[in-house]
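Colleague: I've got a model open and I'd like to learn how to read it feature by feature. Can you walk me through it?

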Amino acid sequence: MIEARHLRVLRAVASTGSFSAAGRELGCTQPAVSQQMKALEASVGTPLLVRTGREMRLTQAGEALVRHAAGIIAGLTAAEEEVAAIAGLRAGRVRLVSFPSGSSTLVPTALAALRAAHPGTRVSLEEAEPPNSVELLREGDCDVALAFRYEGAAGAEEWDDLVVRPLLTDRLVALVPEGHRFARTEGAVGIGELARESWIAGCPRCRGQLVEVCEGAGFSPRIDFATDDYPAVVGLVGAGLGVAVLPQLAVESVRPRGVRTVTLEPAVRREIVALTLPDLAQVPAVTATLDELARAGARQSATR
């Protein structure tokens, strides 16, 4: 195997014409240069230099190796500089996947802070709901995934192979039209008190959680409308077409016109997290992204 350090010595010998001159150029001794040249010749299995008087002359094999050495060393130098830039957060790329309400609340704050601190780090963003976002991470199609899971839900072990960075705890709240009988309620409302209402359901996972909570309260919700679009949920509620239950983060991601939020009992919460793979967690740009997401989550919690 040819080593880069040996190629650098060979180029120095070729340009200076002697071991001693090459040693002075490289800052090492003449015997050290001689030993490295012997090691290189042993690696390639043929002589690379011949002595002619006081100078060293390249053999045909030596000339070929020197000719290729320039490109090899230049490529290695460029690679070393690029890796150093990434390690020092002067460069780097992070592929982020987030669910929609995270994209409009946590992500902008986090990425603005990341760009201010490390302008050379580029972050791309795509949207996907869990568990699809988690699968994208495992398949290598992203570096960080924002995800959520409901407290007490089955499958808590599904993230055991991942690095989990908690961001905030998000509580479900009810949305009712402004003219609703519970619109001015100061305290919490039991979800069973909404049993006779028409319901507007959100994303499939939220929809499943709604049905589970309602059934736990002794009734099955009559879902008249279902949409993955949170502004659409708010608009339908505001038009008096029903009530809804959404995570608080989702409500904060839109302008809730014509609706009121109502605290629900029993409390239903979901954990918002950022996920990455163990090896990716060692990459400086990924670590910096996780740190900024955690700070954004802390700020979001502090404003509630």
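Colleague: Let's start with a pair of strands. How many bridges join strand 1 to strand 2, and do they run parallel or antiparallel?

Modeller: Keep in mind that this is a predicted model. Strand 1 (residues 49-52) and strand 2 (residues 55-58) are antiparallel, with four bridges between them. At the turn end, Thr-52 has Glu-55 of strand 2 as its bridge partner.

Colleague: Which residue of that hairpin takes a positive phi?

Modeller: The general idea first: most residues other than glycine have a negative phi, and most peptide bonds are trans. Here two residues lie between the strands, and Gly-53 is the one with a positive phi, near 70 degrees. You'll find another glycine like that just after helix 2, where Gly-27 has a positive phi of about 75 degrees.

Colleague: And which residue other than glycine has a positive phi?

Modeller: Look at Leu-89, with phi near 60 degrees. Leu-89 sits in the loop between helix 4 (60-87) and strand 3. Its relative accessible area is 14%, so Leu-89 counts as buried.

Colleague: You mentioned trans peptide bonds. Where is there a cis bond, with omega near 10 degrees?

Modeller: That one runs from Pro-130 to Pro-131. Pro-131 belongs to the loop between strand 4 (122-127) and helix 6 (132-138). There's also a cis bond between Glu-265 and Pro-266, with omega about 0 degrees. Pro-266 lies in the loop between strand 11 (259-265) and strand 12.

Colleague: Let's step back to the chain. How many helices and strands are there?

Modeller: The chain has 10 helices and 12 strands. To read its overall form, set the radius of gyration against the globule rule: the chain comes out at 31 Å, well over the 19 Å that the rule gives for 304 residues, so it is more spread out than a compact globule. The C-alpha trace spans about 105 × 35 × 25 Å along its principal axes.

Colleague: What share of the residues is buried?

Modeller: Buried residues account for 42% of the 304. For contacts, take those between residues at least 6 apart in sequence: 72% of them join residues at least 24 apart.

Colleague: How many residues does the largest nonpolar core have?

Modeller: That core has 58 residues, and Leu-146 and Trp-199 have the most contacts inside it. Strand 6 (residues 163-177) supplies the largest share, seven residues. A second core, separate from this one, has 18 residues, among them Leu-7, Val-33, Met-37 and Leu-49.

Colleague: Which residues of helix 2 are buried?

Modeller: For helices in general, there are 3.6 residues a turn, so residues three or four places apart point the same way. In helix 2 (residues 19-26), the buried residues are Phe-19, Ala-21, Ala-22 and Gly-23. Their cover includes helix 1 (4-16), helix 3 (30-44), strand 1 and strand 2.

Colleague: Now the rings. How many aromatic pairs does the structure hold?

Modeller: Two. Phe-99 and Phe-148 make an edge-to-face pair, 5.1 Å centre to centre with 85 degrees between the planes. This pair links distant parts of the chain: Phe-99 is in the loop between strand 3 (93-98) and helix 5 (100-117), while Phe-148 is in strand 5 (residues 144-150), 49 residues apart. Phe-148 also pairs edge-to-face with Tyr-150, at 6.0 Å centre to centre and 80 degrees between the planes. Phe-99, Phe-148 and Tyr-150 form one aromatic cluster. Phe-99 and Phe-148 are both buried, and Tyr-150 is buried too.

Colleague: What lies over the face of Phe-148?

Modeller: Arg-270, at 4.3 Å from the ring centre. Tyr-150 has a polar contact partner to look at as well: beyond neighbours within four places in sequence, Gln-209 is in contact with Tyr-150, Leu-172 and Val-268.Colleague: Is Gln-209 buried or exposed?

Modeller: Gln-209 is buried, at 9% relative accessible area, and its place is in helix 7 (residues 204-216).

Colleague: One last residue. Where is Leu-277 found?

Modeller: Leu-277 is in the loop between strand 12 (269-276) and helix 10 (284-302). Its relative accessibility is 24%, so Leu-277 counts as partly exposed. Leu-277 and Leu-162 are 115 residues apart along the chain, yet their C-alpha atoms are separated by 5.1 Å. Setting aside neighbours within four places in sequence, Leu-277 is in contact with Leu-137, Leu-162 and Val-163.

Key. Residues are numbered from 1 along each chain as its sequence is written. This is a predicted model: local features need pLDDT of at least 70, side-chain atom pairs count only at pLDDT 80 or more; totals for chains, interfaces and linings use all residues. Side-chain values use heavy atoms; hydrogens and water are left out. Two strands pair if DSSP finds at least two bridges between them. A nonpolar core is a set of buried Ala, Val, Leu, Ile, Met, Phe, Trp, Tyr and Cys residues joined through side-chain atoms within 4.5 Å. Buried means under 20% relative accessible area, exposed over 50%, partly exposed in between (1.4 Å probe, protein chains only). Rings of Phe, Tyr and Trp (its six-membered ring) pair if their centres lie within 6.5 Å; planes under 30 degrees apart count as stacked, over 60 as edge-to-face and the rest as tilted. A charge sits over a ring if NZ of Lys or CZ of Arg is within 6 Å of the ring centre and within 35 degrees of the ring normal. The radius of gyration is taken over C-alpha atoms; the globule rule is 2.2 Å times the number of residues to the power 0.38. Contact means heavy atoms within 4.5 Å.
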